[in-house]
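Work through the exercises below with the structure open. Try each task before reading its solution.

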Amino acid sequence: MSEKNYLTTDFTLRSWFLTTDHKRIAILYFASLIFFFFVGGAAATAIRIELATPQADLVSSDVYNRLFTMHGIIMVWFFLIPSIPNTLGNFIVPLMIGARDLAFPRLNLMSWYVFMLGGCVTLFAILAGGIDTGWTFYTPFSTLYSNSYVIVAAAGVFIAGFSSILTGLNFIVTIHRLRAPGLTWYRLPLFLWSLYATSVILVLATPVLAITLLLMATERFFGVGIFDPRIGGDPLLFQHLFWFYSHPAVYIMILPGMGVINELVSCFSRKEVFGYKFVAWCSLAIAAVGFLVWGHHMFVSGQSLVASLVFSFMSFIVAVPSAIKVFNWTATLHKGSIHFDAPMLYALAFIGLFTIGGLTGLFLACLAYDVHATDTYFVVAHFHYIMVGGMVTAYFGGLHYWWPKITGRLYSEYWARTAAVLIFFGFNLTFFPQIILGAEGMPRRYHVYPPEFQVWNVLSSGGAAILAVAYLMPLFYLGYSAFFGKRAPANPWDAPGLEWQTSSPPPEFNFETQPVVTREPYQYNERFEAEPQNA
Amino acid sequence: MTEWRPPIALVGAWLALLALLALTVALAYLPLGAGNGVVALTIGTIKAGLVAAIFMELRHRGGLTLIFAGAGLFWLGILLWLGSMDFLTRT
């Protein structure tokens, strides 16, 4: 470990809470997200315990409503959306492009404070009594009937949205303006292409969420007719506005994960990514077409048949660039020198789980099947395969991959592989039964169910227990390694990216001298011009 | 770095926005039928243009910044286009 790195420049609390160093801000986000992940996870645990038996044992229906709402709101806005961009992205983007920091370091710090303010407001809503609308805040329930803390929770999400916008803005400007000499667009690591596409969505979609929540609060608070048809509103307008943001938000959540997988598959196959340009442009295609499909959440809402047909068609179209990525990762593996290190286990798990999530999504894009599956566990399983099986798995993969760079320490490969296998096993045991439950017609958002569904629910709850243990494991072995792990060399994976050409952990301003890029990315078959610094 | 703008442009734009707001409110009381919506939207578009040109300083920007500003408008168009498709084709 070099004498002075970003962790050892200053040890005071002030130096952490007023830092403008992107690496330290990434750590602030990382610690915050761990907290929110376990808050959301606690709600999920309570849900799965309740659903182990057909009758209500643990909570009443009202408390159950608040539990799944809390789970959804926390996990979507306070874990999944910021997870990879604000932790791994914040840390890695400037290192990957050979810059000293993000374009707007103070804005970056501000985004964390805004995020924490939003998080605290939302936590207050939960602690004060909770919200029972579901994470979607659907009207007219949210505006007319709910007696829970709807406006406070919406305010928390509203505030957190500004944090997203600030991060997106920062990444866009950074990637445009601060690339090292020689780092052309087609030499950018694909992680940056995916973060760029994510940032575009963040900047363009998040304001619509803010507007939607503001309109909802206006109707609830002042009784202005916006969504209530009795006073001149349109009840479907809320869903149009909400999903105009929230479907692209699915891509905010999954695109960074896809970006991480490019890095992992390439590194642990020792090959360049197959079809680089296709994968790069597919990120932007997903970002663009992802804005044209929101109506597939509204097939049974009373939306017109013409609109449903168009949204169904577009939903099939958006699957194409995602499928291209899956095929390209598989082609990258072909004839590669595959190493089954822990990050690669997560990457392989991602490819399989994301594929199942994507294919079940195509079921739901079919109008006829969606009528059968709407609001069943089929939908729950589908989006968990994407969000948890996909995004969370990619997050863990990326975290393990860049952990030596972030902390300057190596973790226990044995425990990391064990956790990766357990997560894969636990995840499938949790959510595959839910696909079957949904296909058999079990509705979501009920705390009781007919006894014939119990076998699958017990399996699912058992899987959730394994998953919970597996998710806790990295907390211990990564936490241990951060303090007592073996010192990491600058480039433990022998990878060609710029982030591996500086010491581990990096110095405060990332590089001792300005790096210059002279070759394409992912050149694993070439010797590096600059020898890795085994600091 | 852009050259410094005299505040008169900002003050002028602000006054124009207030005047247009007053005009919107006043015209809302005239019985124009479907024309009320058209008038309100036209004034709204002018106000948005003033904000973009003066406050966002887009009149002095070029290239990439205009593309991103245009993207915002284009995406709003998508929201209105696909959103109205439902409203206009309901049976």
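**Exercise 1: Packing around a helix**

Helices H7 (190–222), H8 (235–269) and H10 (305–333) of chain A are among the elements that cover the buried residues of H9(A). This is a predicted model.

Task: Find which residues of H9(A) are buried, and how far the helix reaches from its first C-alpha to its last.

Solution.
- Step 1. Locate the helix. H9 of chain A runs over residues 276–289 and has 14 residues.
- Step 2. Check its span. H9 reaches 20 Å from first to last C-alpha, close to the 20 Å expected at 1.5 Å a residue.
- Step 3. List the buried positions. They are A:Tyr276, A:Val279, A:Ala280, A:Cys282, A:Ser283, A:Ile286, A:Ala287 and A:Ala288.

**Exercise 2: Unusual backbone**

Task: State where A:Pro140 and A:Pro505 lie, and give the omega of the peptide bond before each.

Solution.
- Step 1. Recall the background. Most residues other than glycine have a negative phi, and most peptide bonds are trans.
- Step 2. Take A:Pro140. A cis peptide bond joins A:Thr139 to this proline, with omega about 5 degrees. A:Pro140 sits in the loop between helix H4 (105–128) and helix H5 (141–145) of chain A.
- Step 3. Take A:Pro505. The bond from A:Ser504 to A:Pro505 is cis, with omega near -10 degrees. A:Pro505 belongs to the segment after strand E2 (486–487) of chain A.

Task: Classify A:Phe137 and A:Asp375 as buried, partly exposed or exposed.

Solution.
- Step 1. Note the backbone of A:Phe137. Its phi is positive, about 55 degrees, although it is not a glycine. A:Phe137 lies in the loop between H4 and H5 of chain A.
- Step 2. Count its neighbours. A:Phe137 has 24 other C-beta atoms within 10 Å. The cut-off for buried is 20 or more, so A:Phe137 is buried.
- Step 3. Turn to A:Asp375. Its phi is also positive, near 60 degrees. A:Asp375 is in the loop between helix H12 (367–373) and helix H13 (377–407) of chain A.
- Step 4. Count again. A:Asp375 has 13 other C-beta atoms within 10 Å, so it is partly exposed.

**Exercise 3: One residue in a helix**

Task: Describe the surroundings of A:Val157.

Solution.
- Step 1. Place the residue. A:Val157 is in helix H6 (residues 150–177) of chain A.
- Step 2. Judge its burial. A:Val157 counts as buried because it has 22 C-beta neighbours inside 10 Å.
- Step 3. Name its contacts. Beyond neighbours within four places in sequence, A:Val157 is in contact with A:Ile73, A:Trp77, A:Gly118, A:Thr122 and A:Leu213.
- Step 4. Compare with A:Pro321. That residue is 164 residues apart from A:Val157 along the chain, and their C-alpha atoms are separated by 30 Å.

**Exercise 4: Chain B**

Task: Describe how chain B touches chain A, and how chain B is divided.

Solution.
- Step 1. Count the contact. 13 residues of chain B are in contact with 14 residues of chain A. On the chain B side, 7 are nonpolar, 4 polar and 2 charged.
- Step 2. Divide chain B. Domain 1 covers 1–60 and domain 2 covers 61–91. The contact between them takes 4 residues from each domain. On the domain 1 side, 2 are nonpolar, 1 is polar and 1 is charged.
- Step 3. Check the confidence. Chain B averages a pLDDT of 89, and 93% of the residues score at least 70. The complex has an ipTM of 0.81 and a pTM of 0.92.

Note on methods. Residues numbered from 1 in each chain as written. Chains lettered and ligands numbered in written order. Predicted model: local features only at pLDDT ≥ 70, side-chain atom pairs only at ≥ 80, totals over all residues. Contact = placed C-beta atoms within 7 Å. Nonpolar A, V, L, I, M, F, W, Y, C, P; charged D, E, K, R; others polar. Domains from an automatic or database assignment. Helix = DSSP H or I, 4+ residues; strand = E, 2+ residues; numbered from the N terminus. Buried ≥ 20, exposed ≤ 12 C-beta atoms within 10 Å, placed from the backbone. Expected span 1.5 Å × (residues − 1). pLDDT = per-residue confidence, 0-100.
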